[in-house]
Structures are given as C-alpha cells and as structure tokens.
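Notebook open. I wanted to look up surface patches and charged pairs here, and jot down what turned up.

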Amino acid sequence: MVLFSFVCDVLGYFTHNTRLFEVGFWNIFVAAIAIFVAIIFGQFEAGLAQVYPAVQPTLNFHTVMGWSLGAIVAIVTAWRFVIRNRHPHKVPPAYLGTATFLVCLVLLQVYLGSKLFWVYGLHVEPVVEAMKQRISP
C-alpha cells in the first residue's frame, strides 16, 4: 500500500490528476493502520520461531526496522493528511522525496523478511524438524 500510494502520488504530480492524490492519501492511511497489525502478528510469529544464533542479528534488525517503519509511516501519514487539507490539488516535492525514502525502507524490510524465510528457514517445516532432531544449527 505504501508503494501504491507513492506511485499514485508521483503519477498525480506529473499528470496533475487530483483524483490520484486521493487514492494516494487513502492508501497511505490504510497502510498506517495495517502496518501496526503486521507488527503485532510479526511479534507473535517471531516469538513462536525457533531462533538459532545465525538468525538472531537479522531477526533483531527486522524487528527494529518494523517498529521504526510503523512510526515513520504514522508520521508520514499525518504529514500527508495536513498536505491534503491545506492543498488538496498538489503534493510538494519534499513529500515525494520523503515517500521515496519510505519506499526504500519498506523494500529493505521486505528483503529482511524474505531472507528470514528463504535463507534461514524460519517456520519452514523441514528446518524446524531438523532443529528438533538437532541436525540443523
């Protein structure tokens, strides 16, 4: 939703289509709510995982990034709300620059989550079974 919001705002900026700004705002608004739900479920999932020492740094960084993203998305959404109320027909370039940075953070978070699953095998049944049999690290 953050990425889609960013795309809508960029397209609205270049095409001057104000309806895209509305789509961008509502997507970032829903993303601000959804990220806290994702954080809560992520904390439960991390608590249930059998974490071995090699995974710990990546999991810790993923956790810190998740909570940081929650705060940053909430702040950016509040800023976007103010922009929407003051100037509903345009978005300043400073906001688009900040949104670009936010998209980069979201992509980094997705990378870390994918790494936890595909590289370290958290919650992957064969890895969990190997750990129970003390075959895996």
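**Patch first, then salt bridges**

I started with the surface: Met1, Trp26, Phe29, Val30 and Ile33 make a nonpolar patch of about 480 Å². Worth keeping in mind while reading on: this is a predicted model.

I picked Val30 out of that patch for a closer look. Val30 sits in helix H2, which covers residues 18-48. Is Val30 buried or exposed? Neither, as it goes: its relative accessible area is 40%, so I noted Val30 as partly exposed. Patch members need over 30% relative accessible area, and Val30 has 40%.

Next I went after charged pairs. How many salt bridges does a search of the whole structure find? I got two.

Entry for Arg80 and Asp9: their side chains meet in a salt bridge, with 3.1 Å from N to O. This pair links distant parts of the chain, as Arg80 belongs to helix H3 (residues 56-86) and Asp9 to helix H1 (residues 2-15), 71 residues apart. I checked burial too, and both Arg80 and Asp9 came out buried.

Entry for Glu22 and Arg84: these two form a salt bridge, and their closest N and O atoms are 2.9 Å apart. Again the pair links distant parts of the chain, with Glu22 in helix H2 and Arg84 in helix H3, 62 residues apart.

Last lookup: why does Glu22 count as partly exposed? Because its relative accessibility is 30%, and the partly exposed class lies between under 20% for buried and over 50% for exposed.

Note on methods:
Residues numbered from 1 in each chain as written. Predicted model: local features only at pLDDT ≥ 70, side-chain atom pairs only at ≥ 80, totals over all residues. Heavy atoms only, no water. Patch = residues over 30% accessible without salt bridge, like charges linked within 9 Å, V, L, I, M, F, W, Y side chains within 5 Å. Areas by Shrake-Rupley, 256 points an atom, 1.4 Å probe, with all protein chains shown as cover. Salt bridge = Lys/Arg side-chain N within 4 Å of Asp/Glu carboxyl O. Helix = DSSP H or I, 4+ residues; strand = E, 2+ residues; numbered from the N terminus. Buried < 20%, exposed > 50% of the residue type's maximum accessible area, 1.4 Å probe, protein only.
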